[in-house]
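Visitor: I would like a close look at one part of this model: the cross-links between its side chains. Please explain each term as you go, since I am new to this.

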Amino acid sequence: VETLEHDCPCTESDYECDYCHERVGEARAAQLNQSATACTWACGNGETSPADPPTDCKGTYLRSRGYRKIQGNTCQGGLDLNPQRLVCPGRHYSKHKYR
């Protein structure tokens, strides 16, 4: 018997909440019009909001979407909840360099 292995497309179950994020739960999800399994910002103790670029931002930076892939997970394609690469404010992106 031959066994074939391949990576399945990513789904929400392949991710867990990122640092300073937590699942909202059903009651809060209804208020926010989100899925009960959605990960939202949970650090209110002076941590920088994930929407803010780093203070020393140069070129581009990664912004969490609130999720990280579960360690060891090898899913490919499908749902992409990996961090977004964004251009730092005040910078103009060119295909070859930053101005």
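Guide: Here is a walk through the cross-links, with a little background to start.

What you see is a predicted model, in which local features need pLDDT of at least 70 and side-chain atom pairs count only at pLDDT 80 or more, while totals for chains, interfaces and linings use all residues. Residues are numbered from 1 along each chain as its sequence is written, and side-chain values use heavy atoms, leaving out hydrogens and water.

Let's get our bearings. The chain has one helix and six strands, arranged along the sequence as β-β-α-β-β-β-β. Helices (H or I, at least four residues) and strands (E, at least two) are DSSP runs, numbered from the N terminus. Of the 99 residues, 23% count as buried. Buried means under 20% relative accessible area, exposed means over 50%, and partly exposed lies in between, using a 1.4 Å probe and protein chains only. Among contacts with a separation of 6 or more, 53% are between residues 24 or more positions apart; a contact means heavy atoms within 4.5 Å.

Now to the disulfides. A disulfide is a pair of cysteine sulfur atoms within 2.5 Å, and a search of the whole structure finds four of them. Let's visit three.

Start with C17 and C39, whose sulfur atoms are 2.1 Å apart. This link is left-handed, with -85° about the S-S bond. C17 sits in strand β1 (residues 15-17) and C39 in strand β3 (residues 39-41), so the disulfide ties together parts that are 22 residues apart in sequence. C17 counts as buried because its relative accessibility is 14%, and C39 does so because its value is 7%.

Next come C20 and C43, with their sulfur atoms 1.7 Å apart. The torsion about their S-S bond is about -85°, so this disulfide is left-handed. C20 belongs to the loop between β1 and β2 (21-23), and C43 to the loop between β3 and β4 (60-63), so the pair joins parts that are 23 residues apart in sequence. At 9% relative accessibility C20 is buried, and C43 is buried at 17%.

The third stop is C57, joined to C88 with 1.8 Å from S to S. With -75° about the S-S bond, this link is left-handed. The pair connects distant parts of the chain, 31 residues apart: C57 is in the loop between β3 and β4, and C88 is in the segment after β6 (84-87). Both cysteines are buried.

How are the bonded cysteines paired when numbered in sequence order? The pattern is 1-7, 2-4, 3-5, 6-8. C8 is in no disulfide, and the nearest cysteine sulfur, that of C75, is 8.8 Å away. C8 is partly exposed, because its relative accessible area is 48%.

C75 and C8 do touch, though: leaving aside residues up to four places away in sequence, C75 is in contact with D7, C8, P9, C10, D14 and K69. C75 is also part of the largest nonpolar core, which has 10 residues, including C17 and C39 from our first disulfide as well as Y15, V24 and L81. A nonpolar core is a set of buried Ala, Val, Leu, Ile, Met, Phe, Trp, Tyr and Cys residues joined through side-chain atoms within 4.5 Å.

The other kind of cross-link is the salt bridge: a side-chain nitrogen of Lys or Arg within 4 Å of a carboxyl oxygen of Asp or Glu. The structure holds three.

One pairs E12 with R23, their closest N and O atoms being 3.7 Å apart. E12 lies in the segment before β1 and R23 in strand β2, 11 residues apart. E12 is partly exposed at 27%, and so is R23 at 35%.

A second salt bridge joins E16 and R68 at 2.9 Å between the closest N and O atoms. E16 is in strand β1 and R68 in strand β5 (residues 67-69), so this pair ties together parts 52 residues apart in sequence. E16 is partly exposed at 30% relative accessibility, and R68 is partly exposed at 38%.

R68 also meets D18 in a salt bridge, 3.7 Å from N to O. These two are 50 residues apart, with D18 in the loop between β1 and β2. D18 counts as buried, because its relative accessibility is 18%. Together, E16, D18 and R68 are linked in a network of salt bridges.
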